[in-house]
Amino acid sequence: MLRTCFTKTELHRRINILRDFLEAKFFMGETHSLQDWLYAHHIPDPDSQAILSWGKAFYDSFTADNVYQVISDFTKFVSELPILTMYLPFTPQEKEMVSLGIWCRKNINARCILDIRSDPSLVAGCTLSWNGVYRDYSLHSFIEDSRDGVKKLISQYAKA
Amino acid sequence: MDQFTAQTVLSYLNIFSLCIQLILLIYIFKNKDHINRGTLSDIHMIDETRERSDAILSKAVKEANSIVANAELRGISLFAKNKLDSNKYGAEYLKQLAEFQTAMQDQLRESLKKTEVSYEQMMQQTNQTIAHHIAQNQLQLEQKATELINGTQHTLNSFISEVQETVKEQVNKELVSTRQYAQEYKQRKIAAIDDNLVELIEKTVALALGKILPMKDHADLVYKALEKAKNEHVFVS
C-alpha cells in the first residue's frame, strides 16, 4: 500500500474506496470485479491503478467478518506513520506528488507520508512541519537569508 | 511868631477880664450879706464900687481893645510883613526851588547819561555774556548730542550684535535639530523599509511571479527547500 500511496489524503481516500468496495462485495451482493467496480464508480485512474496494484492476495485476505477490523487496523497504521506536513504555494499534480513522496521516502523516512496543504501566500518554496517542529523554507525565508545582500543592492541603487 | 503873639495877647486879655469879673463876683458873693444887710451907704458904696469896677473894667476893656487893636494892627502888619516876607520867601523859595530843580535836572540828566552809559555797557556785557553762554551751551549741547549719539550707536550695535548672535544661535539650534530630525526620520523610514523589506519583496515577487512561475520552478524550489532542510538535519528523529 505504501508503495503506491505517498500522501495521507491518498491513503485515506483509497482506504475508503477499498471499504466501499468490500462493503458492497460482502454485504450488498456486489459481484463485479474490483476493476469493474472501480470503473463503474468512476474512480480516478491514479486511485484505481494504486488500488489494483495492491494485488489479489491482498483482497483475498478480506472476509465479511474481518473487513471492518482490517480497515480499522489500516487506519490505525496510517495514523502511526510519520507524517511530513508540507505547505505548498501551489497544488501539485499526481506526478509531482509521487516525486515528492519518493524523495521523502528516500531521504527522510522509508515509511513517511506527506500531508500536503496549499498556502498561496508562500509564493515560492514551502514550509515544513516534522515531529511537531515547523520550518519555513518559503520565499520569505530565502529573502530573509539574503536580506543583507538585498539591502546592499537597494542602497547601491539609492546612491546611484 | 508875631501872629501867635497877637493871639496870645488877645487870649491873655480875655483871661484877665474873666479874672476880674470873677474877683468881682466873689467879692460880691462875699459881701452879699453885707450888701443885703447893708445900709444905704453900703449900697452907695457898692454902687461906687460897681462904677469903679465898671470903669476899671471899661478901662481894662478899652486898653484891652486898644491892645487888641494894636495887636491886631501889629498882627496885620506882621501878617502883611510876613506875607511880604512869605512872598519874598516864596519867591526866594521858588527861585531856589527852580535852581534846585535845575540843579536836580542837570544832576538827573548827568545821572541818566551815566546810567545810560552804564546800561549800555551792562547791555553790551550782558550780550557778550549771553553770546558766550549760548556758544558754550551750544558746544555742550553738541558734545552731549554727540556723546548721546555715540552711546546710542554703541548700544544699538551691541544690541544688534547680541540679537544677531542669539538669532544665529537659535537658527543653528533649529537647523541642528531639524537636521537631526531629518536624519532620524530618514533612519526611521529606512528601518521601516528594512523591517518590511522581506514582505515588500515578497509581495512584489508575489505580484510579479505569482502567475508567471511555472510548475517546474515551483517544484524545483520545493526540492531546494527540502534539501536545505535535510542539510540542516531537520528530519533527524
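On helix H5 of chain B, select B:Lys216, B:Lys224 and B:Asn231: these residues are exposed, where exposed means over 50% relative accessible area, buried under 20%, and partly exposed in between (1.4 Å probe, protein chains only). The model is predicted, so local features need pLDDT of at least 70 and side-chain atom pairs count only at pLDDT 80 or more, while totals for chains, interfaces and linings use all residues. Residues are numbered from 1 along each chain as its sequence is written, chains are lettered from A and ligands numbered from 1 in the order in which they are written, and side-chain values use heavy atoms, with hydrogens and water left out.

**Stop 1: helix H5 of chain B**

Extend the selection to residues 215–231 of chain B, the 17 residues of H5(B). Helices (H or I, at least four residues) and strands (E, at least two) are DSSP runs, numbered from the N terminus. From the first C-alpha to the last, H5(B) reaches 24 Å, close to the expected 24 Å at 1.5 Å a residue; the expected span is 1.5 Å times one less than the number of residues. Now colour B:His218, B:Ala219, B:Val222, B:Ala225, B:Leu226 and B:Ala229, which are buried. Viewed down the axis of H5(B), the buried residues fall within an arc of 120 degrees, so they line one face of the helix; the arc is that of the directions from the helix axis to the C-beta atoms. The exposed B:Lys216, B:Lys224 and B:Asn231 are on the other side.

Keep B:Lys224 selected and add A:Phe142. B:Lys224 lies over the face of this ring, at 5.5 Å from the ring centre. A charge sits over a ring if NZ of Lys or CZ of Arg is within 6 Å of the ring centre and within 35 degrees of the ring normal.

**Stop 2: the two chains as a whole**

Zoom out and colour by secondary structure. Chain B has five helices and zero strands, and 12% of its 237 residues count as buried. Chain A has eight helices and four strands, in the order α-α-α-α-α-β-α-β-β-β-α-α from the N terminus. Of the 160 residues of chain A, 42% count as buried.

**Stop 3: paired strands in chain A**

Select residues 83–88 (E1) and 113–118 (E2) of chain A, which run parallel and are joined by six bridges; two strands pair if DSSP finds at least two bridges between them. Between E1(A) and E2(A) the chain crosses through helix H6 (residues 94–107), and this β-α-β crossover is right-handed: with the strands pointing away from the viewer, the path from the first strand over the helix to the second runs clockwise. Within this pairing, A:Leu84 has A:Leu114 as its bridge partner, and A:Thr85 has A:Asp115.

Next add E3 (residues 125–130) of chain A, which runs antiparallel to E1(A) and is joined to it by four bridges. Here A:Thr85 stands opposite A:Ser129.

**Stop 4: aromatic rings in chain A**

Over all chains, a search of the whole structure finds 10 aromatic pairs. Rings of Phe, Tyr and Trp (its six-membered ring) pair if their centres lie within 6.5 Å; planes under 30 degrees apart count as stacked, over 60 as edge-to-face and the rest as tilted. Select A:Phe58 and A:Tyr59: the ring centres are 5.3 Å apart and the planes stand at 75 degrees, so the pair is edge-to-face. Both residues are buried. Then replace A:Tyr59 with A:Phe74. The rings of A:Phe58 and A:Phe74 have centres 5.5 Å apart and planes at 25 degrees, so this pair is stacked. The pair links distant parts of the chain, with A:Phe58 in helix H4 (residues 56–60) and A:Phe74 in helix H5 (residues 67–80) of chain A, 16 residues apart. To display the cluster linked by ring pairs, select A:Trp54, A:Phe58, A:Tyr59, A:Phe62 and A:Phe74.

**Stop 5: two loop residues of chain A**

Which residue in the loop between helix H2 (34–40) and helix H3 (45–52) of chain A should be selected? A:His42 is found there, with a positive phi of about 55 degrees although it is not a glycine. A:His42 is exposed, with a relative accessible area of 69%.

Finish at A:Asn131, in the loop between E3 and strand E4 (133–138) of chain A. A:Asn131 is not a glycine, yet has a positive phi of about 55 degrees. At 55% relative accessibility, A:Asn131 counts as exposed.
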